[in-house]
Amino acid sequence: MRIIDGVVRPYAWGSRTAIASMQGRPVPSAHPEAELWFGSHPAGSARCVDVAGIQQDLVDVIDADPVGTLGAASTAAFGERLPFLLKVLAAEEPLSLQAHPSAEQARAGFERENSRGVGLEARDRNYRDPWHKPELIVATTPFDALAGFRRPEDTVRLLRALQVSELDPYLGMLAGQPDSEGLRALFTTWLTLPESLLRQLVPAVLAGAVTVLSAGESDFVAELRTVCELGEAYPNDPGVLASLLLNNIHLEPGQGLYLSAGNLHAYLRGTGVEIMANSDNVLRGGLTPKHIDVPELLRVLDFTPVDVADLTPQVRTIGAERIYLTPAPEFRLSRVELDGTGLHHASSICFDMPGPQILAVLSGAVEVRPAGGAPLTVTAGRAMWITDDDPDVIVRAASARAVFYRALVPAAVTAHPGLTSTVATAAE
């Protein structure tokens with residue numbers, strides 16, 4: 001059991017306030033801070049601090065004793081590596097339009113690029129590892145995203161509402177075939193338009209959106225505002241047009257969004273806790289100066305229309321723990337809120353599940369006490385690393401209100417179906 005200090009990733013789209021304020025540092029920060037990684041990813045392994053104050057990279061801690069730290073069930077299923085990456089994500093500006101491959105696509109793509117001699121750090125490398133990358137984000141502030149292809153009939157209504165003559169040929173493609181194949185054809189056409197046509201079409205669409213918004217009557221206010229914002233940030237980018245095809249999703253704090261393989265998406269703004277399979281495979285489709293491999297993206301994308309409800313994880317509540325259920329075998333995420341006063345909610349919770357766990361504190365502070373051991377206090381912006389061979393722990397609020405997120409490997413849990421988490425109240 002060790003305290004974890006996460007690694008800040010300073011991507012340009014990040015916030016100068018969200019992560020710094022959570023950790024109690026001065027704001028604004030000197031540079032944008034986009035993500036705080038709590039994991040053992042080679043690109044940014046978190047630092048562990050043991051009870052003696054000795055620091056060590058989490059990846060080295062795991063490598064020294066994979067079975068002891070991860071457990072036999074996890075290593076059997078995913079190898080000698082932590083199968084998930086837990087993050088705090090803070091987006092001040094939109095991220096790129098992107099999708100992730102399935103497990104089969106990732107393995108095949110990784111082997112294919114290796115056989116071609118494409119370097120792992122090459123700009124045109126698509127597959128940096130042989131793993132898939134399902135992901136779940138749970139909003140901690142109001143959070144906006146684009147995800148999944150909207151029902152074609154609704155997109156046809158949106159395109160018609162713009163009343164842009166330059167759109168007519170493309171609108172006809174989808175109106176004439178309002179299904180996944182029509183979406184594929186339209187998306188492919190837009191993504192491969194010559195720059196000369198994009199310079200005409202994108203400004204025309206933006207002008208149409210402004211006109212509709214100025215009139216004050218539309219069923220697509222969020223969609224039109226988004227296309228205007230993206231057009232300003234990424235002029236003449238085909239991803240601006242592609243945004244018109246996707247569900248525009250707004251999450252309130254506590255709501256989640258689960259993205260499986262092939263789902264085209266882009267986070268727009270907001271802060272949340274994100275957990276994903278430990279992979280770096282991204283196929284981009286726009287809103288970025290980075291490499292875009294159109295044929296490979298089209299091979300990976302799932303054009304099946306989805307409703308927002310299809311992307312929303314089911315939630316199960318056990319006492320103070322709110323569990324977000326997904327089909328991902330690599331991770332399970334839950335939110336725990338403890339009440340240090342003992343007046344309204346549980347003040348402590350006991351965890352006795354096997355496998356590796358990370359408890360990331362987002363507000364307040366918690367005291368983590370192992371059975372028969374001394375407690376460690378974890379403050380906001382830090383996390384606790386609990387291994388498979390650590391004893392059971394009791395987590396208590398060390399402030400009037402404490403909120404943390406718990407990440408674990410469900411494969412390890414299913415190996416021991418009799419083990420469950422239990423809630424301890426303030427009276428105990």
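**Figure 1. R284 and its surroundings in strand β13 of the predicted model.** R284 lies in strand β13, which covers residues 283-286, in a model that is predicted. The unreviewed UniProt entry places the feature "active site" at R284. Beyond the residues up to four places away in sequence, R284 touches S96, L97 and Q98, and also K290, H291, I292 and L297. One of these, Q98, appears in the UniProt record under "binding site".

**Figure 2. The four positions that UniProt lists under "binding site".** The unreviewed entry gives Q98, H100, E135 and H265 for this feature. These residues span 168 residues in sequence, but no two of their C-alpha atoms are more than 12.4 Å apart, so the four gather at one spot. Of these residues, Q98, E135 and H265 are included in the lining of the largest pocket.

**Figure 3. Close-up of H100 and E135.** H100 is found in the loop between β7 (97-99) and α5 (103-115), whereas E135 is in strand β8, residues 135-139. Are these two residues buried or exposed? H100 has a relative accessible area of 1% and is buried; E135, with 2%, is buried as well. Their side chains make a polar contact with each other at 3.0 Å. Leaving aside neighbours within four places in sequence, H100 is in contact with K133, E135, A261, G262, H265, N281, V282 and V300. On the same basis, the contacts of E135 include H100, H265, L257, Y258, L259 and Y267. E274, I275, M276 and F331 are also in contact with E135. H265 is therefore in contact with both H100 and E135, and it is itself one of the listed "binding site" positions.

**Figure 4. The largest nonpolar core, seen around L162.** In soluble globular proteins, nonpolar side chains tend to be buried together. The largest nonpolar core here has 50 residues, and those with the most contacts inside it are L162, L167, F187 and W190. Helix α9 (residues 195-215) gives the most to this core, with eight residues. Not counting residues up to four places away in sequence, L162 touches L167, V205, G208, A209, V212, L224 and L244. A second, separate core of 36 residues includes I19, I62, L82 and Y324.

**Figure 5. V212 in helix α9.** V212 is found in helix α9 and is buried, with a relative accessible area of 12%. Which residues beyond four places in sequence are in contact with V212? They are A161, L162, E217, S218 and L224. V212 and A161 are 51 residues apart in sequence, with their C-alpha atoms 7.6 Å apart in space.

**Figure 6. T271 in strand β12.** The place of T271 is in strand β12, residues 265-277. T271 counts as buried because its relative accessibility is 14%, under the 20% limit. Its contacts, leaving aside neighbours within four places in sequence, are A18, V88, L89, A90, A139, T140, T141 and F143.

**Figure 7. The cavity and its lining.** How many cavities of 30 Å³ or more does the structure hold? There is one, and about 30 Å³ of space lies in the largest cavity. Its lining is made up of F78, R81, P83, W131, H132, A277, N278, S279 and E330.

**Figure 8. Backbone geometry at P28, Q163 and N236.** Most residues other than glycine have a negative phi, and most peptide bonds are trans. V27 and P28 are joined by a cis peptide bond, with omega of about 0°. P28 is in the loop between α1 (18-22) and β3 (35-38). Q163, not a glycine, has a positive phi of about 55°. Q163 sits in the loop between α6 (152-162) and α7 (168-176) and counts as exposed, at 73% relative accessibility. N236, likewise a residue other than glycine, has a positive phi near 65°. The loop that holds N236 lies between α10 (221-233) and α11 (238-242).

Note on methods:
Residues numbered from 1 in each chain as written. Predicted model: local features only at pLDDT ≥ 70, side-chain atom pairs only at ≥ 80, totals over all residues. Heavy atoms only, no water. Helix = DSSP H or I, 4+ residues; strand = E, 2+ residues; numbered from the N terminus. Buried < 20%, exposed > 50% of the residue type's maximum accessible area, 1.4 Å probe, protein only. UniProt positions renumbered as here; feature names shortened; annotations may be inferred. 1 Å grid on protein atoms, 1.4 Å probe; cavity = no way out; pocket = protein on both sides within 12 Å on 5 of 7 lines; lining within 4 Å. Contact = heavy atoms within 4.5 Å. Polar contact = N/O pair within 3.5 Å; in protein donor to acceptor, adjacent residues only side chain to side chain. Core = buried A, V, L, I, M, F, W, Y, C linked by side-chain atoms within 4.5 Å. Points joined across faces, edges and corners; volume = space filled by probe spheres on them.
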